[in-house]
Amino acid sequence: RPLLDPPPPLPVLFASVGFSIFAFLAALYLIPALGPRFIQANLKGKDLLKVYTDPIPESQGLVCASIYILLLILFIPFPFSDTVGSLSESRKTLQSVASLHHELSIYLSSLLSLLMATILGFLDDVFDIRWRHKLPIPVIAAIPMLMVYYAEGGNTHVVVPIPLRPLLGVLVNLGPLYYLYMSLLSTFTTNSINILAGINGSEVSQAVIIAISVILNDLLYLPWPMDFKIPLHLLGSQAEVEVGGPWHAGMSYGSSELVDRHLFSLYFMLPLLGVCLGFMYHNWYPARAFPGDTLCYVTGMAFSVVGIQGHFSKTLLLFFLPQIFNFILSCPQLFGLVPCPRHRVPRFDPDTNLLHPSKAKLNDKPPSKLTNFVLRLLSTLGLTDLTVDPENGRILEATNLTILNFLLVRFGPMTEKRLVQVLMATQVAGSVVAFAVRYGLAGLVYDG
Ligand code: UD1
Ligand code: MG
């Protein structure tokens, strides 16, 4: 099958790698250079898990986002003009203008969404927006991107897994529900990174590992030399499943379109990885810079942009397994069943330098039946530790419902550095599972 033709515009990919190295160096240099200015502007935080109280520059995600977005703008001429001889012959002749316009609008709307995420994340850093107000923020930021998806007659069909096909048919049109799903996706990717936070390196290391996972996944779809083709045959049929039916009537999926989508994703992910690695150097234990909500929002939005525009949102969600776990575990606190303190970060013991699970105190009045049930269930599952009144068996305290506290409950107290390493290992394990599910198990429920 001629799945992997025509060849990708290699010069553009090389340019993207070059931009990413530059992004890395820029973050490496600018974060410490600009830190003092942030402290002067009162954008500073105290490291909650240290004995010292020196102010640490907060919202450094703004520096990262600025580098990232400026580089993405400077990059525009590379894929969208013939400057580096990158437009393949078929592109110049067959679809030419319309296709370029279309891809350019995808690119520009993605930039707009990233800019919105930056502004809103920064506002959150400055004003500490309340939870119920900040949840819908990324929905608004995703609108430009969703409108471009709509304007191109965006596909809202999903491929039905084989066992359900007698009931539903091969394709189901979700219509507006699909847009709801996509806007919730951006809410999820942005906020889920933000609530898995609070120890040095946690936010940025999630972004780094997810970006690497997306990049590896993209690389699978590029036309490699012949010798690599054996595993790619497996991917070919799967890849078409994810593409999922007609984009709009009458338009068929050329293999080059699949390649183009994953190139688009690479152009956004490579510089993100660069800038995050540069920042990570300064955010690593003991942190000299904090990401702030800005970094969480921008990285999260970048992931949903490539997931939606690259048409691999389900695969993307698989890379968020630890975040999904953390979100579900957090729900009782996020939705008010269990009290949620301002900070749920683990508790630091200055004498031993170890982190212990932090606890949420239940109010003086006895917990409701539902709260009681949920907490006992979570405790039976080993997800939280409860402190119970020995006299009447009433729950007095529960460890905060986050993956970080869960890891401490499971594996016992550890240092902050060790905990972030365990968190990263969990994220990597999640990605390994994701690849196994995506390219192994998916074949069982979709035609492979
Ligand atoms: C989210 C979490 C909150 C967690 C906080 C930590 C939920 C619902 N909210 O809130 O529980 O405590 O992130 O970021 O889960 N900090 C450190 N060390 C770090 C990073 C941050 O001590 O490595 C502290 C600093 O004081 C920093 C502050 O956390 O100033 C930033 O918190 P912020 O991002 O504003 O918290 P939220 O995102 O609202
Ligand atoms: Mg935050």
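**Entry 1: the lining of the largest pocket**

I began with the elements that line the largest pocket, and I found that β1, α5 and α13 (292-309) each supply at least two residues of this lining. The model I am reading is a predicted one. I then looked up the character of the lining, which divides into 16 nonpolar, 10 polar and 12 charged residues.

**Entry 2: the space itself**

I noted the general idea that a probe the size of a water molecule, rolled over the atoms, shows where empty space is left. For the largest pocket I recorded a volume of about 1,000 Å³. I counted 38 lining residues, and those closest to the centre of the pocket are Glu58, Asn194, Asp293, Arg342 and His343. I next asked what takes up the largest pocket. I found that ligand 1 occupies this space.

**Entry 3: the shell around ligand 1**

I looked up which elements give two or more residues to the shell around ligand 1, and they are β1 (44-46) and α5 (131-134). The shell holds 20 residues, of which Lys46, Leu48, Glu58, His343 and Arg344 come nearest to the ligand. By character, I recorded eight nonpolar, five polar and seven charged residues in the shell.

**Entry 4: polar atoms beside ligand 1**

I examined the distances from side chains to oxygen atoms of ligand 1. For glutamate 58, an N or O atom of the side chain is 2.4 Å from a ligand oxygen. For arginine 342, a polar side-chain atom lies 3.1 Å from an oxygen atom of the ligand. For aspartate 47, the corresponding value is 3.5 Å. I then asked how much of ligand 1 the protein buries. Ligand 1 taken alone exposes 720 Å², and the protein buries 93% of that area.

**Entry 5: two points in the backbone**

I noted as background that most residues other than glycine have a negative phi, and that most peptide bonds are trans. I located asparagine 42 in the loop between α1 (10-40) and β1. The phi of asparagine 42 is near 65°, a positive value in a residue that is not glycine. I then turned to proline 286, which lies in the loop between α12 (255-283) and α13. A cis peptide bond joins tyrosine 285 to proline 286, with omega about -15°.

Key. Residues are numbered from 1 along each chain as its sequence is written. Chains are lettered from A and ligands numbered from 1 in the order in which they are written. This is a predicted model: local features need pLDDT of at least 70, side-chain atom pairs count only at pLDDT 80 or more; totals for chains, interfaces and linings use all residues. Side-chain values use heavy atoms; hydrogens and water are left out. A residue is near a molecule or strand if one of its heavy atoms lies within 4 Å of it. A polar contact is a pair of N or O atoms within 3.5 Å; within protein, one must be able to donate a hydrogen and the other to accept it, and residues adjacent in sequence count only if both atoms are side-chain atoms. Accessible areas come from the Shrake-Rupley method with a 1.4 Å probe; for residues, only the protein chains shown count as cover. On a 1 Å grid over the protein atoms alone, a cavity is a set of points where a 1.4 Å probe fits but cannot get out, and a pocket is an open set with protein on both sides within 12 Å along at least five of seven lines; lining residues have an atom within 4 Å of a point. A molecule sits in a cavity or pocket if more than half of its atoms lie within 2 Å of its grid points. Helices (H or I, at least four residues) and strands (E, at least two) are DSSP runs, numbered from the N terminus. Ala, Val, Leu, Ile, Met, Phe, Trp, Tyr, Cys and Pro count as nonpolar, Asp, Glu, Lys and Arg as charged, and the others, Gly among them, as polar. Grid points are joined across faces, edges and corners, and a volume is the space filled by probe spheres set on the points.
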